[in-house]
Each structure stands twice: as C-alpha cells, then as structure tokens.
Amino acid sequence: MSVADVARVRVRQRELEIPESFEWVAETTPALRAAVEESGLAVHEHPLMVLDPGSSAPAVDEMSEDLSVRTLGPDNPALPSALAVPHLAFAEPGTRIGSAGAAELAETVRDRSGDGSVDRVVARIRAGLTVVAAAVEDGTALCAGQHQPVGAVSEIVNVGTLPTARRRGLGLAVTAALVADARSRGVETVFLSAVDEDVARIYARLGFRRIATALIGGPAE
C-alpha cells in the first residue's frame with residue numbers, strides 16, 4: 001500500500017465519520033509502516049499475543065465479598081460504567097495506581113450518556129458479537145473488557161482498570177472471565193494486543209504468549 005492509498009482510505013474514513021486508524025501485523029506487512037507514517041499518522045507497537053490452546057483454566061486471586069467479576073447482559077445497570085472505565089484507564093497508561101477515580105468515572109458516564117455508544121454495544125451484545133465482563137463493586141465497574149467472537153476466533157479488547165483501583169488483580173480477573181466465556185462458546189483461538197511489555201507479562205500469567213507485533217496507526221497526540 002502506497003502513501004496515496006493510505007490517504008484515500010483516510011478520506012473515506014472521514015466521510016464515514018469513523019476514526020482514522022490502521023491496524024496490521026508488522027511481521028506480515030512490514031512495508032505498510034512507512035506509508036502510514038509518511039501520511040502523517042503516528043504508529044505504535046504492541047505485543048500481539050495468543051492464548052495457548054493447551055493452557056489450563058486460569059486461576060486468579062480471590063476478590064472481596066463486595067466485588068464480583070462477571071459478564072454483563074445488555075440490561076445490566078453496571079454496563080455504562082463498564083464501557084466508560086477503559087477510557088479513563090487508557091488516558092493514564094501503565095500499571096501504576098493513578099489519579100482518576102469514582103468521581104471521574106461518574107463524570108465520564110454522564111458525558112457519554114447521549115452519544116449512542118452504550119446503545120451500540122447493547123445491540124452487539126444482543127447479536128452475540130460482543131461480550132462484556134467487569135469487576136463490579138457497589139454497582140459500578142472498576143475494571144472491564146470485551147471479547148468479540150467470530151466463529152472459532154475471538155479478540156479480547158479494551159481491558160482497562162480505573163486508575164485508582166489498580167494493583168488489585170482486577171485486570172487479570174476480568175481477562176480470565178473473558179477467556180472462560182470465549183471457551184464456553186466453542187472459541188478455539190483467543191488473541192489480544194497488549195498495551196506494552198509490562199501488561200504483556202500479566203497476560204502471560206493466563207497462558208497468552210507473544211507471536212508477533214501489532215502496529216496501530218492513528219493521529220499523533
């Protein structure tokens with residue numbers, strides 16, 4: 001793909017009002033990076049990992065009595081916070097305890113309440129295209145993530161923990177719940193892209209192993 005090709009795709013993305021973004025595997029399409037970067041987009045590297053088919057059921061630390069980890073149905077009242085919490089998590093990347101907490105989460109839920117994002121995910125849940133799992137405490141999701149099953153393959157995406165709730169094993173527990181759900185649906189291949197090497201080591205505890213490098217191109221911050 002040339003720089004001109006990338007430019008045409010970006011024009012079409014703007015026409016469709018979708019993010020100007022490209023995702024590909026570095027090892028299979030190495031030449032694409034130069035074209036994407038020359039078009040003005042920034043490219044970030046992420047460990048691409050797949051779950052070992054022979055891995056045993058993941059074991060995670062016990063949660064407190066007030067906190068449960070489970071998949072959420074389309075009418076679950078915790079769903080809006082489960083969809084909002086990853087935005088706060090990715091705004092403060094890394095595994096250290098951060099500053100955004102309950103107040104910021106409530107504000108994010110309010111800000112997103114009229115943008116249709118929850119309704120879109122509800123429709124996908126009902127259609128069996130998205131599964132949401134969350135660690136819920138007092139009716140609010142402190143950590144959440146999704147997997148997107150397509151036949152025998154599913155990708156785990158958007159796993160994020162509220163920055164003030166980090167270092168409690170919530171991301172590990174939510175990912176384990178997503179893996180368990182995927183396996184219950186007959187999914188044979190579960191994969192994900194880790195944010196960085198530190199997070200990749202967490203996923204490795206569940207039986208994920210790195211197989212390649214995912215490249216994501218988007219507007220420079």
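In this predicted model, helix 4 (residues 102–112) offers a good place to begin, with L105, T108 and R112 as its buried residues. Seen down the axis of helix 4, these buried residues fall within an arc of 60°, so they line one face of the helix. A general feature of helices helps in reading this pattern: an α-helix has 3.6 residues a turn, so residues three or four places apart point the same way. The other side of helix 4 carries the exposed residues A102, A103, R110 and D111. The cover over the buried residues of helix 4 includes helix 3, helix 5 and strand 5.

Two of these covering elements also pack against each other. Helix 3 (residues 79–91) and helix 5 (residues 117–127) meet at an angle of about 110°, and their axes are 10 Å apart. Because angles of 65 to 115 degrees count as roughly perpendicular, helix 3 is described as roughly perpendicular to helix 5. On the helix 3 side, the contact is made by L79, P80 and L83, while helix 5 contributes S117, V118, V121, V122 and I125. By residue type, this contact between helix 3 and helix 5 divides into 7 nonpolar residues, 1 polar residue and no charged ones.

Charged side chains come into view elsewhere in the model. Side chains of opposite charge can pair when their charged atoms come close. The structure holds 11 salt bridges, and a few of them are worth a closer look. In helix 1 (residues 3–15), E15 and R12 sit 3 residues apart, about one turn of the helix. These two residues form a salt bridge in which the closest N and O atoms are 3.1 Å apart. E15 counts as exposed because its relative accessibility is 52%, and R12, at 46%, counts as partly exposed.

A similar spacing appears in helix 7 (residues 197–204), where R201 and D198 are 3 residues apart, again about one turn of the helix. The salt bridge between R201 and D198 has its closest N and O atoms 2.2 Å apart. With a relative accessibility of 41%, D198 counts as partly exposed.

D181 and R185 form another salt bridge, with a distance of 2.6 Å between the closest N and O atoms. Here D181 counts as buried because its relative accessibility is 14%, under the 20% cut-off. Its partner R185, at 45% relative accessibility, counts as partly exposed. Salt bridges also join residues into a larger group: R10, R14 and E20 are linked in a network.

Finally, two loop residues stand out for their backbone angles. Most residues other than glycine have a negative phi. E17, however, has a phi near 60°, a positive value in a residue that is not glycine. E17 is found in the loop between helix 1 and strand 1 (22–25), and it counts as exposed because its relative accessibility is 74%. D138, likewise not a glycine, has a positive phi of about 55°. The loop that holds D138 runs between strand 4 (131–137) and strand 5 (140–150). With 70% relative accessibility, D138 also counts as exposed.

Technical notes: Residues are numbered from 1 along each chain as its sequence is written. This is a predicted model: local features need pLDDT of at least 70, side-chain atom pairs count only at pLDDT 80 or more; totals for chains, interfaces and linings use all residues. Side-chain values use heavy atoms; hydrogens and water are left out. Axes are lines fitted to C-alpha atoms, for helices over the stretch in contact, and angles run from 0 to 180 degrees between N-to-C directions. Helices (H or I, at least four residues) and strands (E, at least two) are DSSP runs, numbered from the N terminus. Angles under 35 degrees count as roughly parallel, over 145 as roughly antiparallel, 65 to 115 as roughly perpendicular and the rest as oblique. Contact means heavy atoms within 4.5 Å. Ala, Val, Leu, Ile, Met, Phe, Trp, Tyr, Cys and Pro count as nonpolar, Asp, Glu, Lys and Arg as charged, and the others, Gly among them, as polar. A salt bridge is a side-chain nitrogen of Lys or Arg within 4 Å of a carboxyl oxygen of Asp or Glu. Buried means under 20% relative accessible area, exposed over 50%, partly exposed in between (1.4 Å probe, protein chains only). The arc is that of the directions from the helix axis to the C-beta atoms.
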